[in-house]
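Work through the exercises below with the sequence and the model at hand, and try each task before reading its solution.

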Amino acid sequence: MKPTDELLLVPRETGFQAWRARPGTTPVPEPEQRSRRGADWIALPARCLVSVPMHFHGVDAGRREAAAQLELEAAGFAAETAAPQDFELIALGNDSRDQATSAFLQVSPLPADVLDEARDARFAPSVAFQRLTPGELLLWREQGRYVLAVPHEAGGALHCQALAADRLDADAAAEIRCILAALDLAALLPDLTRVVLQVAEGEDEAVPADFAHGLDLPVSCRRETAPAPPTTPSRLVPAPVVRERQERAQRRMLTLGALAFVFVLVAALGAFAARVALREQSLSREEARLDALEPELAAIRDARSAWDDMRTAVNPEFYPVEALFQLVSLLPEEGIRLTRFEVREDGMVLDGEASSLGHGIEFRDKLVGAAAFQRWTWDFPQPTNLPDGRATFRAEAREPDPELALEDTAP
């Protein structure tokens, strides 16, 4: 994959300046009219940081940060070391028994216009963008102030500090001497041979005499060079950027959750729609199969209807003559006289006289219990007794259930 350019925002004399670092080439200034959004690196100005050099003797590397944090808390920086992204420890040199470490703490915020461009940027102290030479104390200007950097013998930044003096004079020289004396008292002062003043293009390279006389080191000037991206990552991130990134991560998680819910819902609806479609296809196939069977079913229905029409004609038990024959066979030789025998479409009606009430009841029991008339549903009330001792009766028979008749007559 082809490496991409990196956009650097580095504090200079009048503010932050954008530089475009192309792979394998020296960074070049970015035109002022171009947008600075999407910066890859942002240099934290020295006035926003506090540099605290330390010296550890025989401290294991895994415990070095905890030891440094205890020293910083003892020095009054407990709040500045509460979160890991608020301070950075940089080990200098390779001697694990006698280890020099530089600590950088964030103590003031970045300008709002720079924070707006820090959405996905990486941060590092501004001294990390400078080229330090062992033995050379470097001075440059950031946002109207001079900044001092003391290099370690290995080339890293041992200490970096924004000077209180806004110009190079005897007071500025005295302040530098105090800083060097403090490093010497802590046994951290490296071997320095000179002071290098870095000046911008077009500025006077003359060194003020009172400033040069106030130092014990020779002072020389050098033109300002292009910044270089840091070679090692830094965990320093301003608190507003941390909050914005956390909020953005939460929004992203909520969005992903909503998208996942929508995906599951769409998948469920898709599965339901697929089932409905399969069901409709199955119903369509079944409907087509039934439509194909319709001619055969129509023939069966026609045959059944014809059989229903013919059932009384093909079953002798439904013949009126057969019913009359069976009825006559039940009559006794005397005592019962039929006065009416009527066969209807839905049943039979019998009227008659009995010589006595007992003959009428006996004939009713014989008629209802006869095997030939078991299929019929009889309504045969109690015979009516006449004044002269005779009795009259009426019996009505309803046609039996056609389904039962067809089942019994089937071969």
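Helices (H or I, at least four residues) and strands (E, at least two) are DSSP runs, numbered from the N terminus. The model is a predicted one, in which local features need pLDDT of at least 70 and side-chain atom pairs count only at pLDDT 80 or more, whereas totals for chains, interfaces and linings use all residues. Residues are numbered from 1 along each chain as its sequence is written, and side-chain values use heavy atoms, with hydrogens and water left out.

**Exercise 1. Place threonine 225 and describe its surroundings.**

Step 1: Threonine 225 belongs to the loop between E13 and H5.

Step 2: With buried meaning under 20% relative accessible area, exposed over 50% and partly exposed in between (1.4 Å probe, protein chains only), threonine 225 is partly exposed at 32%.

Step 3: If contact means heavy atoms within 4.5 Å, and residues up to four places away in sequence are not counted, threonine 225 touches Arg12, Arg131 and Gln198.

Step 4: From threonine 225 to glutamate 294 there are 69 residues in sequence, and the C-alpha to C-alpha distance is 96 Å.

**Exercise 2. Find which residue pairs with arginine 235 in a salt bridge, and state where both partners lie.**

Step 1: A salt bridge is a side-chain nitrogen of Lys or Arg within 4 Å of a carboxyl oxygen of Asp or Glu, and a search of the whole structure gives 21 of them.

Step 2: The partner of arginine 235 is glutamate 65, with the closest N and O atoms 3.0 Å apart.

Step 3: This pair links distant parts of the chain, 170 residues apart, since arginine 235 sits in the loop between strand E13 (219-223) and helix H5 (239-314), and glutamate 65 in helix H1 (residues 61-74).

Step 4: Both side chains are partly exposed, arginine 235 with a relative accessible area of 26% and glutamate 65 with 33%.

**Exercise 3. Trace the network that contains the salt bridge of aspartate 351 and arginine 394.**

Step 1: The closest N and O atoms of aspartate 351 and arginine 394 are 3.0 Å apart.

Step 2: The two residues are 43 apart along the chain, aspartate 351 in strand E15 (residues 347-354) and arginine 394 in strand E18 (residues 391-398).

Step 3: Aspartate 351 is buried at 13% relative accessibility, whereas arginine 394 is partly exposed at 36%.

Step 4: Through shared partners, salt bridges join Arg340, Glu342, Asp351, Arg394 and Glu396 into one network.

**Exercise 4. Describe the largest pocket and the largest cavity.**

Step 1: On a 1 Å grid over the protein atoms alone, a cavity is a set of points where a 1.4 Å probe fits but cannot get out, and a pocket is an open set with protein on both sides within 12 Å along at least five of seven lines, while lining residues have an atom within 4 Å of a point. Grid points are joined across faces, edges and corners, and a volume is the space filled by probe spheres set on the points.

Step 2: The largest pocket holds about 510 Å³ of space, and among its 23 lining residues Ile90, Ala128, Gly156, Thr231 and Thr232 are the closest to its centre.

Step 3: Strand E6 gives the most to this lining of the largest pocket, with 5 residues.

Step 4: There are 2 cavities of 30 Å³ or more, and the largest cavity contains about 40 Å³; its lining includes Leu44, Phe104 and Cys160, and strand E5 (residues 49-57) gives the most to it, with 3 residues.
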